[in-house]
Amino acid sequence: MELLSGGEMIAKALEDEGVEYIFGYPGGAVLHIYDALFKTSKVPHVLVRHEQAATHAADGYARATGKPGVVLVTSGPGATNAITGIATAYMDSIPMVVLSGQVATHLIGEDAFQETDMVGISRPIVKHSFMIRRAEDIPATIRKAFHIATTGRPGPVVIDIPKDCTRPDAKFEYHYPETVKLRSYAPAQRGHTGQIRKAAKLLLSAKRPVIYAGGGVILGESSELLTRLARKLNYPVTNTLMGLGAYPATDRQFLGMLGMHGFYEANMAMHHSDVILAVGARFDDRVTNTVSRFCPGAKIIHIDIDPTSISKTVAADIPIVGPVQSVLEDLLDILESLQEKDPKQPDTAALGRWWQQIDEWRAKHGLWTGRRYGESDRIMPQQVIESLYRVTGGDAYVTSDVGQHQMFAAQYYKFDKPRRWINSGGLGTMGFGLPAAMGVKLAFPDMEVACVTGEGSIQMNIQELSTCKQYSTPIKIINLRNNYLGMVKQWQDMQYEGRYAMSTYEDSLPDFMKLVESYGHVGIQVTRLEELDQRMEEAFAMKDRLVFLDIFIDPMEHVYPMHVAPNGAMKDMWLSKNERT
Amino acid sequence: MRRIISILLENEPGALSRVIGLFSQRGYNIETLNVAPTEDVTLSRLTLTTTGDDKTMEQITKQLNKLVDVVKLVDLSEGAHIERDLMLIKVRASGAMRDEIKRTTDIFRGQIVDVGPNTYTIQLTGTGEKLDSFVAAMAEADILEVVRSGVAGISRGEKVLRL
């Protein structure tokens with residue numbers, strides 16, 4: 001058996017775990033680990049410019065690949081800088097393992113240099129955390145961390161490692177465990193058959209059904225199964241912001257995204273439905289609008305791996321706890337046998353009327369049926385996303401930051417495949433898009449990766465342009481430039497009589513062309529609609545260059561539809577500045 | 001509604017803070033909390049009392065179960081159970097009050113566990129209600145300190161909470 005130091009065991013364990021990239025930043029408490037990585041590891045390390053970006057890059061990598069992202073940061077500020085990224089991953093159930101350095105064991109609690117209680121600070125935003133106390137526990141702890149991060153409802157796991165546990169002169173027998181046994185952790189493997197049978201019967205009895213699919217379908221690798229189920233029944237499907245791509249957007253049965261900025265037809269169908277099949281979704285407040293007025297006539301079937309997601313906000317009539325994949329498999333089997341016995345179900349006449357109603361909604365206010373946004377002599381933000389969609393053939397990985405641009409991207413880029421839409425849905429973290437795109441591009445160097453952003457968000461992690469240079473990650477940054485914090489401005493327009501409290505930069509924005517050029521990248525400015533497609537094509541034609549497209553858009557545009565709040569139901573929406581349902 | 005939740009918890013550093021943190025993080029209420037190691041050194045037994053409607057209680061138990069350090073839990077108030085709270089109460093005891101306090105303590109089947117020239121320290125076990133009644137009965141006395149363990153609970157009969 002090999003004798004390894006704590007630092008070497010970490011390097012070796014990450015290799016044994018099959019880790020492809022470590023995103024990190026060195027510092028005092030992790031120098032033994034970095035030295036071990038330098039000397040022994042085959043796992044490439046990506047040096048970011050700020051630890052928050054390390055977590056977002058690992059997160060982007062994880063969302064695109066389905067594999068856990070790995071982060072290595074030092075103690076104190078290294079650890080606290082990682083917090084926003086860990087919280088982002090936690091809210092969206094992204095598998096991630098964060099190794100943070102800690103001061104030496106004998107210094108813990110003494111307010112030592114760069115000491116912070118990382119396990120304590122991260123506690124509410126991790127799935128679990130470990131503090132290494134003995135170097136010999138390192139391999140088993142790393143195995144446990146990966147196991148917890150990637151199974152059940154995925155999430156980030158922190159391992160805090162005191163410096164003395166990694167010292168090079170203390171060597172231990174290294175053994176990486178194949179399996180993990182945790183007596184207190186056993187995520188459900190199958191859904192309850194009785195419940196699934198009840199769900200199947202209710203589904204078949206539906207006259208106005210909707211399938212409401214969330215990020216859990218993507219995390220649970222069940223997009224194909226969901227698509228099979230929906231097509232078999234000919235039921236309409238809506239995806240959440242996190243679920244975009246779980247059901248193909250260009251499919252006839254797709255209603256678009258639902259929720260606060262969801263499609264008219266999706267929100268209307270939800271509100272008027274009699275049976276909702278919720279799969280890997282969590283009835284988040286950005287979906288439901290006022291909970292007490294949520295879908296009054298609907299019976300709800302809720303499939304989720306995490307029991308706490310069920311009946312947390314909206315009570316489920318038929319809860320099913322289990323992995324989406326196995327539950328959908330079982331559900332399909334049962335549906336088939338029920339239909340063999342009674343081929344008259346579901347009621348095709350009723351379903352026909354339902355589709356007719358949906359098509360009417362779609363024709364009336366559907367975002368993709370005719371032009372639904374305003375006209376001006378400026379470029380409209382929606383046109384930018386439409387252009388991006390055309391130029392990339394709808395097949396790019398699109399990351400976004402947070403704000404209006406995020407919603408425009410979610411509404412207008414038709415995601416046909418899972419894992420292509422990468423955004424911070426739960427936490428809503430500005431500064432996510434650029435580092436996430438970096439992580440995606442490293443995972444898929446031959447794919448197009450676009451980061452849709454705004455001047456507010458991009459400046460929150462713009463230092464990563466330097467990392468992109470170092471590791472040659474030629475992503476395309478699509479900056480929807482309106483010179484405002486657009487979503488803040490929209491709310492101020494709608495609720496604060498246009499008082500733009502701290503939502504403008506006045507004349508303080510940098511010259512992004514010069515800025516990106518100074519980082520060694522290419523900047524392209526677009527001000528006229530006529531040149532939009534051509535510039536977009538030019539950008540994507542530069543395969544090995546990072547291109548920053550600074551696209552000047554109409555600053556007055558709002559995102560619609562928008563739920564009417566407070567006290568609105570799913571069906572209550574603003575459709576434009578002066579039109580509501 | 002008041003509930004008594006009994007938890008088998010990994011006897012690991014930080015495990016208790018995860019339980020407590022969950023309550024503050026999600027806005028749940030803890031009324032009493034009692035925790036100590038068990039005969040199995042790898043496990044702690046934790047009893048907490050809380051209040052909430054059915055929906056809140058369902059979330060609390062689910063969220064607790066979701067914590068990796070929580071091995072098992074049971075809502076004792078769902079069935080027949082025994083609950084005990086231990087109180088140590090120090091009162092000023094001089095003059096005529098000395099006898100009076102002794103009599104009240106006997107009535108409540110308490111014990112005087114420490115006697116000073118001017119003080120008694122009384123030990124009393126029972127349900128929370130019983131201890132509250134005792135404190136009320138001591139209204140005339142000068143109460144110097146009250147220390148309570150919080151509820152510790154166990155199911156009646158064959159039902160057990162173990163691995």
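In this predicted model, P346(A) is found in the loop that runs between α12 (324-341) and α13 (348-365) of chain A, and the peptide bond that leads into it from Q345(A) is cis, with omega near -5°. A cis peptide bond also joins A565(A) to P566(A), here too with omega near -5°, and P566(A) sits in the loop between β21 (562-563) and β22 (573-576) of chain A. Another backbone feature of chain A concerns N234(A), which has a positive phi of about 60° although this residue is not a glycine. The loop that holds N234(A) lies between α9 (223-233) and β10 (237-239) of chain A.

**Chain B and its contact with chain A**

Chain B contains four helices and nine strands, and along the sequence these elements follow the pattern β-α-β-β-α-β-β-α-β-β-α-β-β. Measured out along its principal axes, the C-alpha trace of chain B spans about 55 × 35 × 35 Å.

How many residues of each chain take part in the contact between chain B and chain A? On the side of chain B there are 22 residues, and they are in contact with 19 residues of chain A. The size of an interface is often given as the accessible area lost when the parts come together. For chain B and chain A the buried area is about 1700 Å², and carbon and sulfur atoms give 46% of that area.

Between the two chains, twelve residue pairs are in polar contact, counting pairs in which both residues are at pLDDT 80 or more. On the side of chain B that touches chain A, the elements giving two or more residues are α1, α2 (54-66) and β4 (70-75) of chain B. Of these, α2(B) gives the most, with six residues. Sorted by class, the residues on this side of chain B are seven nonpolar, six polar and nine charged.

The search of the whole structure finds 46 salt bridges over all chains, and two salt bridges are found across the interface of chain B and chain A. In one salt bridge, the side chains of E10(B) and R183(A) meet at 2.7 Å, N to O. Another salt bridge is formed by K66(B) with D306(A), whose closest N and O atoms are 2.7 Å apart. This pair joins two chains, because K66(B) lies in helix α2 of chain B while D306(A) lies in the loop between β13 (299-304) and β14 (318-321) of chain A.

**A pocket lined by both chains**

The second largest pocket has a volume of about 760 Å³. Of the 35 residues that line this pocket, those closest to its centre are S129(A), F130(A) and M131(A), together with E12(B) and P13(B). Which elements each supply at least two residues of this lining? They are α5 (118-122), β6 (128-131) and α6 (138-150) of chain A, together with α1 (15-25) of chain B. The lining of the second largest pocket divides by class into eleven nonpolar, ten polar and 14 charged residues.

**Cavities**

The count of cavities of 30 Å³ or more comes to two, and the table sets out their volumes and the classes of their lining residues.

| Cavity | Volume | Lining by class |
|---|---|---|
| Largest cavity | about 60 Å³ | two nonpolar, four polar and three charged residues |
| Second largest cavity | about 40 Å³ | nine nonpolar, no polar and one charged residue |

The largest cavity is lined by S5(A), G7(A), E8(A), H32(A), D35(A), A36(A), K39(A), T166(A) and P168(A). The elements that give two or more residues to this lining are α1 (6-16) and α2 (31-40) of chain A, and α2(A) supplies the largest share, with four residues.

What lines the second largest cavity? Its lining is made up of L244(A), A249(A), F254(A), M257(A), F263(A), W368(A), A410(A), Y413(A), K414(A) and F415(A). No polar residue is counted in this lining, which has nine nonpolar residues and one charged residue.

Definitions and conventions: Residues numbered from 1 in each chain as written. Chains lettered and ligands numbered in written order. Predicted model: local features only at pLDDT ≥ 70, side-chain atom pairs only at ≥ 80, totals over all residues. Heavy atoms only, no water. 1 Å grid on protein atoms, 1.4 Å probe; cavity = no way out; pocket = protein on both sides within 12 Å on 5 of 7 lines; lining within 4 Å. Points joined across faces, edges and corners; volume = space filled by probe spheres on them. Nonpolar A, V, L, I, M, F, W, Y, C, P; charged D, E, K, R; others polar. Contact = heavy atoms within 4.5 Å. Buried area = accessible area lost by both parts, 1.4 Å probe. Salt bridge = Lys/Arg side-chain N within 4 Å of Asp/Glu carboxyl O. Polar contact = N/O pair within 3.5 Å; in protein donor to acceptor, adjacent residues only side chain to side chain.
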